[in-house]
Amino acid sequence: MARPPPLGELPPDYTPPAQSAAPQILTGSLKSPLWLRAYFQGLLFTLGCGIQRHCGKVLFLGLLALGALALGLRVAIIETDLEQLWVEVGSRVSQELHYTKEKLGEEAAYTSQMLIQTPRQEGENVLTPEALGLHLQAALAASKVQVSLYGKSWDLNKICYKSGVPLIENGMIERAPNVAQELSGGCHGFSHKFMHWQEELLLGGMARDPQGQLLRAEALQSTFLLMSPRQLYEHFRGDYQTHDISWSEEQAGTVLQAWQRRFVQLAQEALPQNTSQQVHAFSSTTLDDILHAFSEVSAARVVGGYLLMLAYACVTMLRWDCAQSQGAVGLAGVLLVALAVASGLGLCALFGIAFNAATTQVLPFLALGIGVDDIFLLAHAFTEAPPGTPLQERMGECLQRTGTSVTLTSINNMVAFFMAALVPIPALRAFSLQAAIVVGCNFAAVMLVFPAMLSLDLHRRHCQRLDVLCCFSSPCSARVIQILPQELADRAVPMGIAHLTATVQAFAHCEASSQHVVTILPPQAHLVPPPSDPLGSELFSPGGSTRDLLGQEEVTRQKAACKSLSCARWNLAHFARHQFAPLLLQSHAKVVVLVLFGSLLGLSLYGATLVQDGLALTDVVPQGTKEHDFLSVQLRYFSLYEVALVTQGGFDYAHSQRALFDLHQRFSSLKAVLPPPATQAPRTWLHYYRNWLQGIQAAFDQDWASGRITRHSYRNGSEDGALAYKLLIQTGDAQEPLDFSQLTTRKLVDKEGLIPPELFYVGLTVWVSSDPLGLAASQANFYPPPPEWLHDKYDTTGENLRIPAAQPLEFAQFPFLLRGLQKTADFVEAIEGARAACAEAGRAGVRAYPSGSPFLFWEQYLGLRRCFLLAVCILLVCTFLVCALLLLNPWTAGLIVLVLAMMTVELFGIMGFLGIKLSAIPVVILVASVGIGVEFTVHVALGFLTTPGSRNLRAARALEHTFAPVTDGAVSTLLGLLMLAGSNFDFIVRYFFMVLTLLTLLGLLHGLVLLPVLLSILGPPPEVIQMYKESPEVLSTPAPLAGELRWGVSPTLPQSFARVTTSMTVALHPPPLPGAYNHPASDEPTWSLAATPAASGCSNLTSRGPCPTTE
């Protein structure tokens, strides 16, 4: 018989009525929203039926496709470079970093290896000869590190940034009776002019007397500067020591990494455990090793998490009745989701999306929890097929009823993660895109492959095989299982509708003409009124689901074949129907729920004000490790950051000297900048260059005054005087480059402290070639580098007088030190001040930008909250549009978005109370929470929207049929997240496990508690209604006699419904599959409907065929 077209989203337990039953009709008329959804559900029905017909082929092809995509993991790349992970894509920092690398190449700066010494007893003074001797012992031990690679021995002298600096000998300490006095104001190196280290670079935790004299300190610091891989490669390129090993930059990096690892190891072991001091060592390679370990996949935790999920799915879906048990389906579903996750990640690898720590540590568990939610929903719905559904249409019926909500949640999850990709941090953008792709693969697997598994399991149940152990037959396969409505007498309608349970013996045979199962009852047995229902009669419906029928209490007094245990009857749907929904939907309970959630929202708004920005490196490194101890000590005592003020090309340096000096002055006046000592000149190349010119000008003036230098000869003068002579005669004109008359008419530096523009680039060549210490101290890093020029005072050819001018500069930098940066607000203030100084210089024609780790990793906080609010608002609007489009009900979509917004605000506020700081990682989770929250809300809202009755009834029915799958989905998500709690990284526990667990619990509470209450108060009208309703005014009847039940009748009941067949049913044994054929044994007695005194009509056992003809 042709299947009628669907007319809307039916409740999960909706039973198509018989011809004599009251049909449901649309509210008013066939509305376009309901028609459009019906059309979509018709497509889902066709899809499900097609999958069921070809389940083997679909399963094979689906697994083959997913497996092929999973092979993409072979080309996955794990990114551990901090700059590639955290520098905002397309930002000014990214552009500035690109400019720096374009001019200077990759890794142009030196690398720092640090030693910090602290007393084992906190608060003790380290400014003692003994403590300083131990510090020197550790530093000397670390400096003698040697590693052997490529047949060569590499030590500090070969890889030091500026080699040739003599080491301090122990005898110097023996001559320092007062260490505090010696280190007061810092200390100098062998070049007093250029080598001065301030107190803040050497000492931490300092204490002073009222006069400002240094008394004590709690930490000492030493720094070793190594060349970068690029510099080391350039230094030894073409050298005789490396000519036989195919020297490359990669080999140089390997040498440095090996030396740094050995350096850290020896430095930490330099002092015995019984000393009063301890040494903390750290290197850039140590940080790289931490990031590599952070990004590794923990196979044990992944396997443990998936095994735990397998066990939960199997146990949850097992039933006492093997015909209803789905343990094997649960196992197969979890394995399918695992394969879908692998295929999604493989697809990401094929797309070239690099993996990172968030991908390897979090995404496998998060995707598993999200994917299994839909598995539970489909499995629950599949067991609740309406009675009378043909066997070949079971999968189509299941997808018709649940496909809309699965599609809605999956689309919202994908949209949420795609919106989270708006966060411009590469690591989090990659994580969001990967999560969206994995959710898409999960959706395809759940909607295409999992229905094929359910269809195969349906075949197993039809063949009456055991669950899991499907090779064995079911022990209950011989039971006779049937359900029959008992027809009532004329105009005997239940008063209000009562729920009755009858105990009878039922027999069944197959009617060949209609191909339907017909159940025959003997004369009526005993009727027992049920226990009271807290919601009155509202929860009773003529069309009960299979799970409802199995959950009804069976009272057998005659010939009972078996009795169900109470523990076997109890399930989440039973709990939702009989305990949870009646309690929740009482008036006073609604008030309590609204007050509690309002209070939670208010507290969360207050907690939102407590959320601070930031993500410290100590949050990423595992606690209890030596690396974490070093970072904690460094943050406490030496919160210093080396930064540089970079000047670009595009302007004339020679004519912009005043603007450059002003820029340096503005930058130096920032609160966070460590000022140089009053006795020392600023450490910038322009100051060093100008001071050097003034020095050789003074030497020339002395030589000129004394006659050692004349107009025609400089041989008798000093070296500096001769250099000044050569510079003074330069004109900068290619035609006439020399003018000797300028010896007495010009100065190398004018009265305003500026270098004559025509001499600027010529003098720069001479300074770079003649003052290597000043150039090294300035850390100028000129690009293009000035040409080499050798000064020879005794050159007689005159060629040495021609000095090549340097090319116009495109890159130069001023070094600075930032101090006191403890909180994110300190970093933000320093960044804003630096940017303001550069903007002011830009108005004067100087193009400049700040560079350094604070600007690379903290500048994101300048616009992080704005980006977060923008992404959440856009996502809420998108969620509203998606829900309104698929539900075709803006009213319901608005309530869903309201609940999702509350969840996001509450999660943000709870983060404030827990001390979880706001960084790009919590922002991604907060944005994704909108999509994940849809999993907990849309099922309830859709069930409410498509159920007839009052608001209370619809809320209760929606809870009854969604409570179990939503709860199972939440538990499965928590089990997936549970593995994150075992991570060695506190960062994973705090920022992923805790936040995602809070999100899951909030989603469960809002979806199953708050949303039903809001729907029962503010919910939209139903899309379907009953054709008639019981009147509240019923006729009073005499009290029933003993052993009898009497009912009143509604005076408004239409005449055509004078004889109503009730759908109260009896199940003596577990029911068979709808559409299964049970043939009675030949020795069973045959009961005729005519033998039943009240039977004069046909049964409503099925709506898909005519009633059997009574004999």
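Trainee: Before we get to β7 and β10, when do two strands pair?
Mentor: Keep in mind that this is a predicted model. Two strands pair if DSSP finds at least two bridges between them, and a strand itself is a DSSP run of E with at least two residues. For pairing, then, the cut-off is at least two bridges.

Trainee: OK, how many bridges join β7 to β10?
Mentor: Strand β10 covers residues 219-226 and runs antiparallel to β7. One place to look is Leu 203, which stands opposite Leu 220 in β10. Pairing asks for at least two bridges, and the number joining β7 to β10 is two.

Trainee: Which strands stand at the edges of that sheet?
Mentor: The sheet is open, has four strands in the order β7-β10-β2-β11, and pairs antiparallel. Each edge strand has a single partner, so one side of each is left without a neighbour in the sheet. The two at the edges are β7 (203-204) and β11.

Trainee: Which residue in β11 does Thr 118 stand opposite?
Mentor: Start with the strands: β2 spans residues 111-119 and is joined to β11 by six bridges, running antiparallel. Follow β2 to Thr 118, and across from it in β11 you'll find Gln 278.

Trainee: Is β11 largely enclosed or left open by the rest of the structure?
Mentor: In the sheet, β11 is an edge strand, so one of its sides has no neighbour there. Burial is a separate matter, and the cut-off for it is under 20% relative accessible area. Five of the six residues in β11 (277-282) are buried, so the strand is largely enclosed.

Trainee: Over to α30. What span does it reach from first C-alpha to last?
Mentor: The helix has 20 residues, and at 1.5 Å a residue the expected value is 28 Å. The model comes close to that, with a reach of 29 Å.

Trainee: Is Gly 842 in that helix buried, partly exposed or exposed?
Mentor: Gly 842 belongs to α30, residues 824-843. The buried residues of α30 include Phe 827, Ile 831, Cys 838 and Ala 841, and what covers the buried ones includes β16 (641-648) and α25 (657-668). Gly 842 has 42% relative accessibility, so it counts as partly exposed.

Trainee: How far apart in space are Gly 842 and Leu 663?
Mentor: In sequence these two are 179 residues apart. In space, going C-alpha to C-alpha, the distance is 9.5 Å.

Trainee: Which residue following α30 has a positive phi?
Mentor: The helix itself ends at residue 843. Look past that end for a phi near 100°, and you land on Gly 845.

Trainee: Which non-glycine residue has a positive phi near 60°?
Mentor: Look in the loop between β3 (147-149) and β4 (152-154). The residue there is partly exposed, with a relative accessible area of 32%. With phi near 60°, it's Tyr 150.

Trainee: And which peptide bond is cis, with omega near -5°?
Mentor: Go to the loop between α29 (772-778) and β17 (811-818), where Pro 784 lies. That loop also holds Gln 779, whose phi is positive, near 55°. The cis bond runs from Tyr 783 to Pro 784.

Trainee: Last one: what is the area of the nonpolar patch with Leu 36?
Mentor: Leu 36 sits in α1, residues 32-53, and is partly exposed at 41% relative accessible area. Trp 35, Tyr 39 and Leu 43 join Leu 36 in making the surface patch, which comes to about 440 Å².

Terms used:
Residues are numbered from 1 along each chain as its sequence is written. This is a predicted model: local features need pLDDT of at least 70, side-chain atom pairs count only at pLDDT 80 or more; totals for chains, interfaces and linings use all residues. Side-chain values use heavy atoms; hydrogens and water are left out. Buried means under 20% relative accessible area, exposed over 50%, partly exposed in between (1.4 Å probe, protein chains only). The expected span of a helix is 1.5 Å times one less than its number of residues. Contact means heavy atoms within 4.5 Å. Patches are made of residues with over 30% relative accessible area and no salt bridge: like charges are joined within 9 Å, nonpolar side chains (Val, Leu, Ile, Met, Phe, Trp, Tyr) within 5 Å. Accessible areas come from the Shrake-Rupley method with a 1.4 Å probe; for residues, only the protein chains shown count as cover. A salt bridge is a side-chain nitrogen of Lys or Arg within 4 Å of a carboxyl oxygen of Asp or Glu.
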